[in-house]
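Here is a quick tour of the model, one region at a time. Keep the viewer open and follow along.

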2 protein chains.
Amino acid sequence: MVTIKEIAERCGVSITTVSRVLNNKGDSISEKTKERIFRVVDELNYVPNAVARSMVTKRTNNIALIVPDISNPFFADIAKGAERTCVNRGFHLFLCNSDMDKEVEKEYIRVLRKRLVDGMIITTQNTEEYDVIFEEMLEDNYPFVFIERYSDKLADVPGVFAGNMDGAYNITKHLIELGHKDIAFITGPLVTSNARYRLEGYQRALKDHDLPVNPKLIRNGNYKVAGGYRETKTLLEQNIQFSALFASNDLMAFGAYQAVKEYGLEIPEQLSIVGFDNIDMPGVIEPQVTTMDIPAYEMAVKAVTILLDLIEGRTPKESKVYYPLKLVNKGSTAPKKEVQDFA
Amino acid sequence: MVTIKEIAERCGVSITTVSRVLNNKGDSISEKTKERIFRVVDELNYVPNAVARSMVTKRTNNIALIVPDISNPFFADIAKGAERTCVNRGFHLFLCNSDMDKEVEKEYIRVLRKRLVDGMIITTQNTEEYDVIFEEMLEDNYPFVFIERYSDKLADVPGVFAGNMDGAYNITKHLIELGHKDIAFITGPLVTSNARYRLEGYQRALKDHDLPVNPKLIRNGNYKVAGGYRETKTLLEQNIQFSALFASNDLMAFGAYQAVKEYGLEIPEQLSIVGFDNIDMPGVIEPQVTTMDIPAYEMAVKAVTILLDLIEGRTPKESKVYYPLKLVNKGSTAPKKEVQDFA
DNA sequence: CCCCCTACGTAAAACGTTTTACTAAAGTAT
DNA sequence: ATACTTTAGTAAAACGTTTTACGTAGGGGG
């Protein structure tokens, strides 16, 4: 393995000089020397030892991304955006898949924090149970950025956020404007903040339009296909009137879709369905599910940008960024018919 | 930041002793001393500096995973399996998303190889164009393992592989046994080996059953939804008889599905469709697509296991592992009707 | 009483960089 | 000619570990 020392010897200069040239520091090196060094570096195909460099600079140029489940297309997009941004800026990205396990996540943070990585992007959705750790990190001035993780206590943590409440409000409004009055809602796991925000958006929209919030039309889901299926089935069998269904995320909407089809109703003629997330599913169902688009890739790019600013000692231009969401109409909603012909 | 030196001072012993105790080396340390050291370590919440350690051990305990597209559920599963296995064994995983770009992949290999990671898992599918790099790595004894990357020249590289040819053979046979004789086929990008193997499996099955291989029924696809859609449409409009369609991967099968539906044919009554990969799509379409299951997660676990063996100087139990594939019947195929009622 | 062995431990080198503090020579202004 | 500045470079410390080679005290066998 060729080292800087070897380069120096071959060039007849000191290690320092080589280091300076390679790092573009200290401008008092003659062009001739520079050129000679670069030539030898190329010849020997020398690449500086990142570990040794980290040792003295105290920087690894690595960051970590903690996600609950990389198989979820939303987080895959996050990972993609984060990784690309890192590499573009000379960083590398550790992937940490917590599998929704809090202990795993805690352990990641504990180990990584020390010195393996210069900072972290944390997306896992969870309760506020261990804000303690984050407070500690804040005190230590350890750089980290949230993606879609809300905490009242941690107002100082930089982060990027989706406009969940407004999004849910608007998509509900979309249904209301189509004439729907009885709109069922399937929540996400309410321990996560964005699930709560989406619920709140839904409720506010109803209230603002003088519609009652009927608790019987609200079911607790889990952001998974099976949960959407199950809760929808329950709703259908409950024999309560509703002409539209809002599932808190697309995966549950897909489950709902299947339940509705099995029940024998036409979408959207007999029942309108909307989801949330706009996950990129191949276009195999007709109609596809109308949903709110969350710009995951873009959000990840932003999060990494903020993080690298923090790491490199710059003040980020913005440290809390909210992303408004866009409704993507894919045809799974229709005006309410005067006479509802089921149930 | 607390260092080993501080621990040593507090315990009144030398740095060496602390290091030995922590690494469980050199057995001549009294229990009393050990205990004292562990207590102080706990108290100060000391975690050894991984960078300094790497400096001397020449090991980073990091490996890299290079994938073409983390958004593809197949590779997301690979990533998940790889990451979990790493962490279980005290390693961390760099995610490298090449975005199907050869130059990006090359650059990854170049940079990572030096010293950032102890080894690599390489899954990107591509031509044999730069086997040179791999030959170099082999010579250097640099540890790396392939997942689903075939190369005749690189027979010595350890790897895990899916039984593409047999899988394609068997799923074609499945169609033949249902009475289908005119079976259309959409290939993957033929620069990738597994696309070629799948094509070959299809052709062999036809020949073994004395059926002609009709070149007009074979279309070149690209493993993407849009490609499947486009090629299927072309096939349908060509006005050539076929009663079954085999798409080389599920994504293309989804595209095909949509094209067929739009054309007004019933699946599977009028046309049988099969895919490949068994990617985990929420169950929203009826019927879903019959496919071959590739145990991605399991394959990744195996690949990492082999890699860590190599890194840690053990001889892997197996260094080339083939995974036979299982047909997953999801109802998108049916017996051929006597009279085909379309076209 | 001497020698050797074992248990317990230490000092110092090494890993490959970056960075700090310094020097020597040449040019430049007075 | 003198003093100062710029240019071009160097030697050595530092980063936090692991590891190698060594040291010492006490006990047991001869």
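## A buried aspartate in chain B

Setting aside neighbours within four places in sequence, B:D277 is in contact with B:R198, B:N249, B:D250, B:T291, B:M292, B:D293 and B:I294. Bear in mind that this is a predicted model.

Where does B:D277 sit? Look in the loop between β9 (272–274) and β10 (291–293) of chain B. Its relative accessible area is 11%, and buried means under 20%, so B:D277 counts as buried.

## A covered strand in chain B

Now turn to strand β4 of chain B, residues 144–147. Are its faces covered or open? Both are covered: B:F144 and B:F146 on one side are buried, and so are B:V145 and B:I147 on the other. As a general point, side chains in a regular strand alternate between the two faces of the sheet.

As for the neighbours of β4(B), strand β3 (residues 119–122) of chain B pairs with β4(B) in the parallel sense, over 3 bridges. In that pairing, B:M120 has B:F144 as its bridge partner. Strand β5 (residues 159–162) of chain B also runs parallel to β4(B), joined by 2 bridges. There, B:F146 stands opposite B:G159 of β5(B). The two phenylalanines, B:F144 and B:F146, are on one side of the strand; B:F144 is the bridge partner of B:M120, while B:F146 faces B:G159.

## The four-stranded sheet in chain A

Over in chain A there is an open sheet of 4 strands, in the order β7-β6-β8-β9, with parallel pairing. β7 (218–220) and β9 (272–274) stand at the edges with a single partner strand each, so one side of each has no neighbour in the sheet. On average, neighbouring strands here are turned by 15 degrees against each other, if you ignore direction. At the β9 edge, strand β8 (residues 244–247) of chain A and β9(A) run parallel and are joined by 3 bridges. One residue pair to pick out is A:A244 with its bridge partner A:S272 in β9(A).

Which helices lie across these strands? Helix α8 (residues 164–177) of chain A lies across β6 (183–187), β8 and β9, running at about 170 degrees to β8(A). Helix α9 (residues 193–208) of chain A lies across β6, β7 and β8, at about 165 degrees to β6(A).

## A threonine before α9

A:T192 is found in the loop between β6 and α9 of chain A. It has 5% relative accessibility, so A:T192 counts as buried. The A:T192 side chain makes a polar contact with the side chain of A:N194, at 3.3 Å. A:T192 and A:Y150 are 42 residues apart in sequence, with their C-alpha atoms 8.5 Å apart in space.

## Around DNA strand C

There are 29 residues around DNA strand C, and A:I4, A:S19, A:K25, B:S14 and B:K58 come nearest. Of the atoms of DNA strand C within 4 Å of the protein, 59% are sugar and phosphate.

For polar pairs, an N or O atom in the side chain of A:S19 is 2.5 Å from a phosphate oxygen of DNA strand C. A:N23 has a polar side-chain atom 2.9 Å from a phosphate oxygen of this strand, and A:Y46 likewise places a polar side-chain atom 2.9 Å from a phosphate oxygen. The elements giving two or more residues to this surface are α2 and α4 of chain A together with α2 and α4 of chain B. By class, the surface has 11 nonpolar, 13 polar and 5 charged residues.

## Around DNA strand D

Of the 29 residues around DNA strand D, those that come nearest are A:S14, A:T17, A:K58, B:S19 and B:K25. Sugar or phosphate makes up 59% of its atoms within 4 Å of the protein, and the rest belong to bases. α2 (15–23) and α4 (50–57) of chain A, together with α2 (15–23) and α4 (50–57) of chain B, each supply at least two residues of this surface. The residue classes are 11 nonpolar, 13 polar and 5 charged.

Which part of DNA strand D pairs with the side chain of A:T16? A base nitrogen does, 2.9 Å from an N or O atom of that side chain. Phosphate oxygens of DNA strand D are also approached: one is 3.4 Å from a polar backbone atom of A:S30, and a polar side-chain atom of B:N23 lies 3.0 Å from a phosphate oxygen.

Definitions and conventions:
Residues numbered from 1 in each chain as written. Chains lettered and ligands numbered in written order. Predicted model: local features only at pLDDT ≥ 70, side-chain atom pairs only at ≥ 80, totals over all residues. Heavy atoms only, no water. Buried < 20%, exposed > 50% of the residue type's maximum accessible area, 1.4 Å probe, protein only. Pairing = 2+ DSSP bridges. Axes fitted to C-alpha atoms, helices over the stretch in contact; angles between N-to-C directions. Contact = heavy atoms within 4.5 Å. Near = heavy atom within 4 Å. Polar contact = N/O pair within 3.5 Å; in protein donor to acceptor, adjacent residues only side chain to side chain. Nonpolar A, V, L, I, M, F, W, Y, C, P; charged D, E, K, R; others polar.
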